[in-house]
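Visitor: I would like to learn how to read helix packing in a model. Please take me through a case.

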Amino acid sequence: MSAFADRAVIRVEAGHGGPGAISFRREKYVPKGGPDGGDGGKGGSILLIVDKNVRTLLDFQADRLFRADKGGQGSGQTSSGKDGKDLRIRVPQGTVVVDADTDEPLADLVDGDAVWVAARGGIGGRGNARFATATNQAPRRADTGMPGESRTLRLELKLVADCGLVGFPNAGKSTLIAAVSGARPKIADYPFTTLSPNLGVVTLSDDRSFVVADVPGLIEGAHAGHGLGDKFLRHIERTKVLVHLVDVSGASGRDPVLDFDTILEELRLFDAKVAAKPMIVAATKMDAVDDPPRVETLERHVRDRGLPFFRISAVAGTGLDDLLEAMWRQIAAVREMPVPAA
(Lines give C-alpha, C1' and ligand atoms only; values in the text may rest on other atoms or scores of the structure.)
Protein backbone atom coordinates (compact mmCIF):
# COMPACT_ATOMS: atom_id res chain seq x y z
CA MET A 1 0.00 0.00 0.00
CA SER A 2 1.18 3.52 -0.72
CA ALA A 3 2.15 5.77 2.16
CA PHE A 4 -0.21 8.45 3.37
CA ALA A 5 0.59 11.95 4.55
CA ASP A 6 -2.01 14.54 5.52
CA ARG A 7 0.22 17.40 6.71
CA ALA A 8 3.07 19.29 5.09
CA VAL A 9 4.90 22.60 5.32
CA ILE A 10 6.10 24.22 2.10
CA ARG A 11 7.81 27.46 1.06
CA VAL A 12 6.46 29.26 -2.01
CA GLU A 13 8.40 32.04 -3.74
CA ALA A 14 6.84 33.76 -6.74
CA GLY A 15 9.07 35.17 -9.46
CA HIS A 16 10.38 38.73 -9.30
CA GLY A 17 9.35 41.15 -12.01
CA GLY A 18 11.99 41.72 -14.66
CA PRO A 19 13.87 45.07 -14.83
CA GLY A 20 12.93 47.73 -17.33
CA ALA A 21 15.41 48.63 -20.05
CA ILE A 22 17.33 51.84 -20.71
CA SER A 23 17.62 52.11 -24.46
CA PHE A 24 17.58 54.79 -27.17
CA ARG A 25 16.56 54.42 -30.76
CA ARG A 26 18.65 55.92 -33.49
CA GLU A 27 16.59 58.36 -35.52
CA LYS A 28 17.58 61.58 -37.21
CA TYR A 29 16.46 64.77 -35.44
CA VAL A 30 15.53 62.82 -32.26
CA PRO A 31 17.76 63.79 -29.28
CA LYS A 32 20.01 60.83 -28.48
CA GLY A 33 17.71 58.69 -30.57
CA GLY A 34 14.78 58.95 -28.15
CA PRO A 35 14.03 56.53 -25.32
CA ASP A 36 12.64 53.13 -26.34
CA GLY A 37 13.40 50.94 -23.34
CA GLY A 38 10.64 48.40 -22.74
CA ASP A 39 9.12 47.20 -19.49
CA GLY A 40 10.27 44.11 -17.65
CA GLY A 41 8.13 40.98 -17.71
CA LYS A 42 5.84 39.93 -14.89
CA GLY A 43 7.15 37.31 -12.47
CA GLY A 44 5.50 33.91 -12.45
CA SER A 45 2.88 33.22 -9.79
CA ILE A 46 2.44 30.01 -7.80
CA LEU A 47 -0.96 28.33 -7.98
CA LEU A 48 -2.40 25.49 -5.93
CA ILE A 49 -4.69 23.37 -8.10
CA VAL A 50 -6.95 20.58 -6.89
CA ASP A 51 -6.30 17.29 -8.64
CA LYS A 52 -8.70 14.47 -7.81
CA ASN A 53 -6.04 11.93 -8.75
CA VAL A 54 -3.79 13.18 -5.93
CA ARG A 55 -4.77 11.47 -2.67
CA THR A 56 -2.07 12.53 -0.21
CA LEU A 57 0.44 15.22 0.65
CA LEU A 58 3.28 12.70 0.53
CA ASP A 59 5.10 14.44 -2.34
CA PHE A 60 5.54 17.52 -0.18
CA GLN A 61 7.55 15.59 2.39
CA ALA A 62 10.53 15.68 0.01
CA ASP A 63 9.83 18.78 -2.12
CA ARG A 64 9.27 21.71 0.21
CA LEU A 65 10.57 24.72 -1.75
CA PHE A 66 8.73 25.95 -4.82
CA ARG A 67 10.01 28.87 -6.94
CA ALA A 68 8.35 30.35 -10.00
CA ASP A 69 10.29 31.90 -12.89
CA LYS A 70 11.25 35.55 -12.76
CA GLY A 71 10.22 37.99 -15.45
CA GLY A 72 12.57 38.79 -18.32
CA GLN A 73 14.33 42.12 -18.80
CA GLY A 74 12.85 44.68 -21.15
CA SER A 75 14.71 45.62 -24.31
CA GLY A 76 14.89 48.26 -27.00
CA GLN A 77 12.12 49.18 -29.41
CA THR A 78 9.84 49.24 -26.34
CA SER A 79 9.87 45.47 -26.24
CA SER A 80 8.62 44.07 -22.95
CA GLY A 81 10.45 41.28 -21.22
CA LYS A 82 9.00 37.78 -21.24
CA ASP A 83 6.59 36.98 -18.40
CA GLY A 84 7.76 34.32 -15.98
CA LYS A 85 5.95 31.01 -16.23
CA ASP A 86 3.42 30.28 -13.49
CA LEU A 87 4.18 27.27 -11.31
CA ARG A 88 1.19 24.99 -10.78
CA ILE A 89 1.22 22.74 -7.72
CA ARG A 90 -1.31 19.92 -7.64
CA VAL A 91 -2.88 19.12 -4.26
CA PRO A 92 -5.60 16.71 -3.07
CA GLN A 93 -9.21 17.79 -2.84
CA GLY A 94 -9.90 18.91 0.71
CA THR A 95 -6.55 20.61 1.30
CA VAL A 96 -6.66 23.43 3.86
CA VAL A 97 -3.97 26.11 3.53
CA VAL A 98 -2.75 27.99 6.60
CA ASP A 99 -0.07 30.66 6.95
CA ALA A 100 2.64 28.82 8.88
CA ASP A 101 3.91 32.00 10.54
CA THR A 102 0.61 33.52 11.69
CA ASP A 103 -1.74 30.47 11.75
CA GLU A 104 -4.16 32.46 9.60
CA PRO A 105 -6.42 30.23 7.47
CA LEU A 106 -5.92 31.21 3.83
CA ALA A 107 -7.83 28.75 1.67
CA ASP A 108 -10.04 25.67 1.86
CA LEU A 109 -9.71 23.79 -1.42
CA VAL A 110 -12.79 21.62 -1.12
CA ASP A 111 -14.16 22.06 -4.66
CA GLY A 112 -12.96 19.57 -7.24
CA ASP A 113 -11.83 22.31 -9.65
CA ALA A 114 -10.49 24.81 -7.10
CA VAL A 115 -7.53 27.01 -8.02
CA TRP A 116 -5.88 29.32 -5.50
CA VAL A 117 -3.04 31.79 -5.97
CA ALA A 118 -0.52 30.99 -3.24
CA ALA A 119 2.00 33.70 -4.23
CA ARG A 120 1.67 36.42 -6.86
CA GLY A 121 4.50 37.25 -9.21
CA GLY A 122 6.07 40.69 -9.07
CA ILE A 123 5.21 43.40 -11.58
CA GLY A 124 7.87 44.15 -14.19
CA GLY A 125 9.83 47.38 -13.92
CA ARG A 126 9.16 50.31 -16.24
CA GLY A 127 11.54 50.97 -19.10
CA ASN A 128 12.93 54.44 -19.74
CA ALA A 129 10.37 55.07 -22.50
CA ARG A 130 7.85 55.48 -19.68
CA PHE A 131 9.75 58.39 -18.17
CA ALA A 132 10.02 60.64 -21.23
CA THR A 133 8.58 64.14 -20.69
CA ALA A 134 8.70 67.45 -22.50
CA THR A 135 11.54 68.59 -20.26
CA ASN A 136 13.33 65.25 -20.09
CA GLN A 137 13.33 63.71 -23.54
CA ALA A 138 16.25 61.36 -22.91
CA PRO A 139 15.64 59.83 -19.49
CA ARG A 140 18.28 57.44 -18.21
CA ARG A 141 16.00 55.89 -15.67
CA ALA A 142 14.30 52.51 -15.46
CA ASP A 143 12.68 50.58 -12.64
CA THR A 144 13.81 47.28 -11.26
CA GLY A 145 11.05 44.71 -11.10
CA MET A 146 8.88 44.32 -8.02
CA PRO A 147 9.65 41.29 -5.84
CA GLY A 148 7.27 38.36 -6.00
CA GLU A 149 5.34 37.27 -2.94
CA SER A 150 6.87 34.61 -0.74
CA ARG A 151 5.59 32.83 2.34
CA THR A 152 5.60 29.58 4.25
CA LEU A 153 2.41 27.56 4.09
CA ARG A 154 1.08 24.70 6.16
CA LEU A 155 -1.03 22.24 4.21
CA GLU A 156 -3.55 20.07 6.05
CA LEU A 157 -5.64 17.48 4.28
CA LYS A 158 -9.24 16.87 5.31
CA LEU A 159 -10.70 14.11 3.20
CA VAL A 160 -13.94 14.84 1.38
CA ALA A 161 -16.39 11.99 2.02
CA ASP A 162 -20.14 11.67 2.49
CA CYS A 163 -19.91 9.12 5.28
CA GLY A 164 -17.29 8.43 7.95
CA LEU A 165 -16.82 5.06 9.66
CA VAL A 166 -15.83 5.33 13.33
CA GLY A 167 -15.27 2.84 16.12
CA PHE A 168 -12.68 1.01 18.19
CA PRO A 169 -9.71 -0.71 16.51
CA ASN A 170 -10.79 -4.02 14.98
CA ALA A 171 -14.46 -3.02 15.00
CA GLY A 172 -14.66 -4.06 11.35
CA LYS A 173 -14.34 -0.71 9.57
CA SER A 174 -11.79 -1.85 7.00
CA THR A 175 -13.66 -5.09 6.37
CA LEU A 176 -16.87 -3.15 5.77
CA ILE A 177 -15.38 -0.62 3.35
CA ALA A 178 -13.73 -3.45 1.43
CA ALA A 179 -17.04 -5.32 1.23
CA VAL A 180 -19.12 -2.39 -0.06
CA SER A 181 -16.63 -0.54 -2.28
CA GLY A 182 -13.53 -0.96 -4.40
CA ALA A 183 -11.22 0.11 -1.57
CA ARG A 184 -8.68 -2.49 -0.47
CA PRO A 185 -7.35 -1.51 2.96
CA LYS A 186 -5.05 -3.72 4.99
CA ILE A 187 -7.10 -6.12 7.13
CA ALA A 188 -5.75 -8.22 10.01
CA ASP A 189 -6.77 -9.60 13.40
CA TYR A 190 -4.84 -7.14 15.52
CA PRO A 191 -5.50 -3.57 16.65
CA PHE A 192 -4.40 -0.51 14.67
CA THR A 193 -4.15 -2.39 11.39
CA THR A 194 -5.39 0.77 9.67
CA LEU A 195 -2.78 3.50 10.10
CA SER A 196 -4.20 5.92 7.53
CA PRO A 197 -7.68 6.78 6.24
CA ASN A 198 -9.12 4.90 3.27
CA LEU A 199 -11.70 6.17 0.80
CA GLY A 200 -14.17 4.00 -1.07
CA VAL A 201 -17.04 4.73 -3.47
CA VAL A 202 -20.28 2.86 -2.78
CA THR A 203 -22.50 2.35 -5.83
CA LEU A 204 -26.20 1.58 -5.45
CA SER A 205 -29.02 1.06 -7.93
CA ASP A 206 -30.51 3.93 -9.96
CA ASP A 207 -27.11 5.59 -10.42
CA ARG A 208 -26.79 6.43 -6.74
CA SER A 209 -23.34 6.63 -5.18
CA PHE A 210 -21.51 8.11 -2.21
CA VAL A 211 -18.00 8.21 -0.77
CA VAL A 212 -17.11 6.47 2.50
CA ALA A 213 -14.05 7.20 4.65
CA ASP A 214 -12.60 4.54 6.95
CA VAL A 215 -10.90 6.39 9.82
CA PRO A 216 -8.26 4.59 11.94
CA GLY A 217 -9.62 3.20 15.20
CA LEU A 218 -10.18 5.28 18.32
CA ILE A 219 -9.66 4.34 21.94
CA GLU A 220 -10.47 6.02 25.22
CA GLY A 221 -8.28 9.09 25.62
CA ALA A 222 -7.75 9.53 21.87
CA HIS A 223 -8.51 13.25 22.19
CA ALA A 224 -5.54 13.47 24.59
CA GLY A 225 -3.16 11.62 22.27
CA HIS A 226 -3.65 8.01 23.38
CA GLY A 227 -3.36 5.31 20.73
CA LEU A 228 -3.26 7.08 17.38
CA GLY A 229 -4.79 10.07 19.13
CA ASP A 230 -7.14 12.32 17.21
CA LYS A 231 -4.61 12.58 14.36
CA PHE A 232 -7.14 11.46 11.76
CA LEU A 233 -10.40 12.68 13.27
CA ARG A 234 -10.30 15.86 11.21
CA HIS A 235 -10.99 13.67 8.17
CA ILE A 236 -14.59 13.19 9.33
CA GLU A 237 -15.21 16.90 9.90
CA ARG A 238 -16.55 17.23 6.34
CA THR A 239 -18.65 14.06 6.38
CA LYS A 240 -22.42 14.30 6.30
CA VAL A 241 -23.13 11.11 8.24
CA LEU A 242 -21.26 8.92 10.72
CA VAL A 243 -21.60 5.16 10.91
CA HIS A 244 -20.54 3.93 14.34
CA LEU A 245 -19.38 0.31 14.21
CA VAL A 246 -19.46 -1.71 17.43
CA ASP A 247 -17.92 -5.20 17.71
CA VAL A 248 -20.44 -7.54 19.37
CA SER A 249 -18.58 -10.79 18.76
CA GLY A 250 -17.00 -10.96 22.19
CA ALA A 251 -13.54 -11.45 20.67
CA SER A 252 -12.35 -8.11 22.00
CA GLY A 253 -13.35 -8.91 25.58
CA ARG A 254 -14.90 -5.45 25.90
CA ASP A 255 -18.47 -4.40 26.68
CA PRO A 256 -20.17 -3.15 23.48
CA VAL A 257 -22.27 -0.62 25.40
CA LEU A 258 -19.16 0.82 27.03
CA ASP A 259 -17.40 0.88 23.64
CA PHE A 260 -20.32 2.79 22.15
CA ASP A 261 -20.39 5.38 24.93
CA THR A 262 -16.60 5.78 24.88
CA ILE A 263 -16.47 6.62 21.17
CA LEU A 264 -19.34 9.09 21.52
CA GLU A 265 -17.46 10.85 24.30
CA GLU A 266 -14.23 10.96 22.31
CA LEU A 267 -16.07 12.55 19.39
CA ARG A 268 -17.63 15.10 21.71
CA LEU A 269 -14.28 15.98 23.29
CA PHE A 270 -12.73 16.35 19.84
CA ASP A 271 -15.48 18.55 18.39
CA ALA A 272 -19.08 18.87 19.51
CA LYS A 273 -20.13 19.58 15.92
CA VAL A 274 -18.70 16.25 14.80
CA ALA A 275 -20.46 14.41 17.63
CA ALA A 276 -23.75 16.05 16.60
CA LYS A 277 -23.66 14.74 13.03
CA PRO A 278 -26.37 12.26 12.00
CA MET A 279 -25.28 8.82 13.16
CA ILE A 280 -26.14 5.22 12.32
CA VAL A 281 -25.01 2.40 14.63
CA ALA A 282 -24.08 -1.01 13.29
CA ALA A 283 -23.38 -4.09 15.41
CA THR A 284 -20.57 -5.84 13.53
CA LYS A 285 -19.29 -9.44 13.33
CA MET A 286 -22.76 -10.89 13.83
CA ASP A 287 -21.46 -14.12 12.30
CA ALA A 288 -19.27 -14.61 15.39
CA VAL A 289 -21.71 -13.64 18.18
CA ASP A 290 -21.40 -15.95 21.20
CA ASP A 291 -23.75 -14.04 23.53
CA PRO A 292 -26.98 -12.82 21.83
CA PRO A 293 -28.18 -10.89 24.91
CA ARG A 294 -25.10 -8.67 24.53
CA VAL A 295 -26.47 -7.55 21.17
CA GLU A 296 -29.97 -6.98 22.57
CA THR A 297 -28.57 -4.82 25.37
CA LEU A 298 -26.62 -2.68 22.89
CA GLU A 299 -29.64 -2.28 20.62
CA ARG A 300 -31.84 -1.04 23.49
CA HIS A 301 -29.10 1.34 24.59
CA VAL A 302 -28.75 2.77 21.08
CA ARG A 303 -32.46 3.04 20.32
CA ASP A 304 -33.07 4.77 23.66
CA ARG A 305 -30.92 7.56 22.19
CA GLY A 306 -33.06 7.74 19.07
CA LEU A 307 -30.38 6.30 16.76
CA PRO A 308 -31.00 3.72 14.01
CA PHE A 309 -29.48 0.30 14.70
CA PHE A 310 -28.41 -2.45 12.30
CA ARG A 311 -26.89 -5.89 12.66
CA ILE A 312 -24.30 -6.77 10.04
CA SER A 313 -21.54 -9.15 9.10
CA ALA A 314 -19.23 -7.76 6.44
CA VAL A 315 -17.54 -11.17 6.13
CA ALA A 316 -20.82 -13.04 5.55
CA GLY A 317 -22.41 -10.13 3.68
CA THR A 318 -25.51 -10.09 5.89
CA GLY A 319 -27.34 -6.87 6.69
CA LEU A 320 -25.23 -4.79 4.33
CA ASP A 321 -27.96 -3.85 1.85
CA ASP A 322 -30.23 -2.46 4.57
CA LEU A 323 -27.31 -0.55 6.11
CA LEU A 324 -26.25 0.98 2.80
CA GLU A 325 -29.81 2.10 2.02
CA ALA A 326 -30.05 3.72 5.46
CA MET A 327 -26.72 5.47 4.87
CA TRP A 328 -27.98 6.74 1.52
CA ARG A 329 -31.23 8.08 3.03
CA GLN A 330 -29.30 10.02 5.67
CA ILE A 331 -26.80 11.37 3.13
CA ALA A 332 -29.54 12.37 0.69
CA ALA A 333 -31.42 14.17 3.44
CA VAL A 334 -28.35 16.19 4.38
CA ARG A 335 -27.57 16.97 0.74
CA GLU A 336 -31.07 18.42 0.31
CA MET A 337 -30.79 20.70 3.32
CA PRO A 338 -30.57 24.40 2.36
CA VAL A 339 -27.16 25.99 2.71
CA PRO A 340 -27.20 28.54 5.57
CA ALA A 341 -26.87 32.15 4.48
CA ALA A 342 -23.42 33.65 5.05
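Visitor: Which residues of helix 1 meet helix 5?

Guide: First, a caution: this is a predicted model. To read a contact, list the residues on each side. Here Leu176, Ala179 and Val180 come from helix 1, and they meet Leu320, Leu323 and Leu324 of helix 5. By class, the contact has six nonpolar residues, with no polar and no charged ones.

Visitor: At what angle do helix 1 and helix 5 pack?

Guide: Compare the two axes. Helix 1 spans residues 173-180 and helix 5 spans residues 320-335. Their axes lie 12 Å apart, at an angle of about 90 degrees. Angles of 65 to 115 degrees count as roughly perpendicular, so helix 1 is roughly perpendicular to helix 5.

Visitor: Why do buried residues of a helix line one face?

Guide: Start with the general idea. An α-helix has 3.6 residues a turn, so residues three or four places apart point the same way. Now take helix 4, residues 292-303. Its buried residues are Val295, Leu298, Glu299, His301 and Val302. Seen down the axis, the buried residues of helix 4 fall within an arc of 165 degrees, so they line one face.

Visitor: What do the buried residues of helix 4 pack against?

Guide: Their partners are helix 2 (256-270) and three strands: strand 12 (241-247), strand 13 (279-284) and strand 14 (309-311).

Visitor: How far apart are the end C-alpha atoms of helix 4?

Guide: They are 17 Å apart. At 1.5 Å a residue, the 12 residues should span 16 Å, so the two values agree.

Visitor: And the whole chain: how many helices and strands?

Guide: Five helices and 14 strands. Of the 342 residues, 47% are buried.

Methods: Residues are numbered from 1 along each chain as its sequence is written. This is a predicted model: local features need pLDDT of at least 70, side-chain atom pairs count only at pLDDT 80 or more; totals for chains, interfaces and linings use all residues. Side-chain values use heavy atoms; hydrogens and water are left out. Axes are lines fitted to C-alpha atoms, for helices over the stretch in contact, and angles run from 0 to 180 degrees between N-to-C directions. Helices (H or I, at least four residues) and strands (E, at least two) are DSSP runs, numbered from the N terminus. Angles under 35 degrees count as roughly parallel, over 145 as roughly antiparallel, 65 to 115 as roughly perpendicular and the rest as oblique. Contact means heavy atoms within 4.5 Å. Ala, Val, Leu, Ile, Met, Phe, Trp, Tyr, Cys and Pro count as nonpolar, Asp, Glu, Lys and Arg as charged, and the others, Gly among them, as polar. The expected span of a helix is 1.5 Å times one less than its number of residues. Buried means under 20% relative accessible area, exposed over 50%, partly exposed in between (1.4 Å probe, protein chains only). The arc is that of the directions from the helix axis to the C-beta atoms.
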